[in-house]
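Student: I should like a close look at a single part of this protein. Please describe the disulfide and its setting, and then turn to the other local features worth inspecting alongside.

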Amino acid sequence: MFSLLLLASSAVAVPVRRDYTNELLGLAKDKLTFTDGHFKVASFSDMHFGERWGNGTWADWGPANDASTQRVHATVMDNEHPAYVVLNGDIVTGENLFADNATAYLDLAFAPNVERGVHFSTTHGNHDNANNINHQQIIEYETSKYGTLSYTRTDIGPQPWGVGNYCKFSPAWVPVYAVPEDNSPAVIMWFFDSRSFVSGTGNGPAQLMHDTWGAVPPALVFTHIPFQLSQELQDLPSPGDHDDAPPAVQGFDNDGYNGLDKRTFDALVTAVGASNILAITSGHDHGNNWCARATASSGVTLCFDGHSGYGGYTTTNSKVRNGRIFDLTLDGLRAEGGPRVDTWNAYEDGTTGEQVTLSKDYMSEDNQ
């Protein structure tokens, strides 16, 4: 369905290794910490800033939609007061942008965060790649102009470097600490470019975490296009909208499902541990905003953000836009029996819904 960016397998010169301790510890930027035992994350997907008519001509509804999307984000942020925001892909509709105005739409997307001084990261989707914009350009612009608030980066490991906080050899992550004095984080947020895949065992990132922190922390994972395993969970009776059935997912090419995304999933489970993954959260399918887990997903919870943008398509139940909230707590992360987190959908009309507690007990009947 979507082409995958493959890393070359030909031999390359071994790069000179440098010390990545500051990046791993989160010391390259301000250290993110919990406040009164809480760290709330808001995840928005499928903003689709910059739309116009399909033939490229101007449309008055384009700026109106962009303003409405900003209002959605502002409303959710003002109601929920997140400590961190994730813009989880399809930030723009890149095929509608021109070279001389592409980054202006990134300014619109980041404005609600800038106005409130809220740190953020971005992942990137299929519509963020086009003739006049691509993932690398988005990251370079974002980090150069908004580096104080943005924690987005390419990987921190040796070459060949990946895009979107992800690399074949040394994935990067954003650590969050219980208190500033801690040397190991309470949780990590991990961001993957869904147009890439991983090969190998996944032992590299796990070893880096062990070497640096002594253990692998619980992880909250974000990637725009969902893993194919989401199709296995779509029809389970989980709270939320299930309009996009089956969901459009990674791992497909012109010949059908190729299984390449399964390598990423398996490596992630190996690196972090299924019970240590709080959720893998995606967008892309505007009509889905559910969370589910089952034996088919190795007990890992897969979530959808829903649709925060006034750009892009709508479905029967996605006309009221929303973001997904994760209320991380130190008590939940340290809970007996394994980490847990409360999550819900926060809507533009001020309501919330579909709150569930994600843990090994969530949907236990489907994990026998």
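Tutor: The account below begins with the disulfide and then passes to a cavity and a helix. The model is predicted.

The structure holds 1 disulfide. Cys291 and Cys303 form this bond, with their sulfur atoms 2.1 Å apart, a separation that satisfies the cut-off of 2.5 Å applied to such pairs. The pair links distant parts of the chain, 12 residues apart: Cys291 belongs to strand S11 (residues 291–292), and Cys303 to strand S12 (residues 302–304). The torsion about the S-S bond of Cys291 and Cys303 is about 115°, and the disulfide is therefore right-handed. Both Cys291 and Cys303 are buried.

Next comes the empty space inside the model. There are 5 cavities of 30 Å³ or more, and the largest has a volume of about 50 Å³. Among the residues lining the largest cavity are His286, Gly287, Asn288, Asn289, Gly306 and His307; Asp241 and Tyr347 also take part. By class, this lining has 9 polar, 2 nonpolar and 1 charged residues.

Helix H3 (residues 102–116) may be examined last. The helix bends by about 50° at Phe110, and a proline, Pro112, follows within four residues. Both Phe110 and Pro112 are among the buried residues of H3, which also include Tyr105, Leu106 and Asn113. The cover over the buried residues of H3 includes helix H2 (61–80), strand S3 (84–88), strand S4 (119–123) and helix H4 (135–145). After H3 comes Gly117, whose phi is positive, near 65°.

Definitions and conventions:
Residues are numbered from 1 along each chain as its sequence is written. This is a predicted model: local features need pLDDT of at least 70, side-chain atom pairs count only at pLDDT 80 or more; totals for chains, interfaces and linings use all residues. Side-chain values use heavy atoms; hydrogens and water are left out. On a 1 Å grid over the protein atoms alone, a cavity is a set of points where a 1.4 Å probe fits but cannot get out, and a pocket is an open set with protein on both sides within 12 Å along at least five of seven lines; lining residues have an atom within 4 Å of a point. Grid points are joined across faces, edges and corners, and a volume is the space filled by probe spheres set on the points. Ala, Val, Leu, Ile, Met, Phe, Trp, Tyr, Cys and Pro count as nonpolar, Asp, Glu, Lys and Arg as charged, and the others, Gly among them, as polar. Helices (H or I, at least four residues) and strands (E, at least two) are DSSP runs, numbered from the N terminus. Buried means under 20% relative accessible area, exposed over 50%, partly exposed in between (1.4 Å probe, protein chains only). The bend at a residue is the angle between axes fitted to the seven residues ending there and the seven starting there. Contact means heavy atoms within 4.5 Å.
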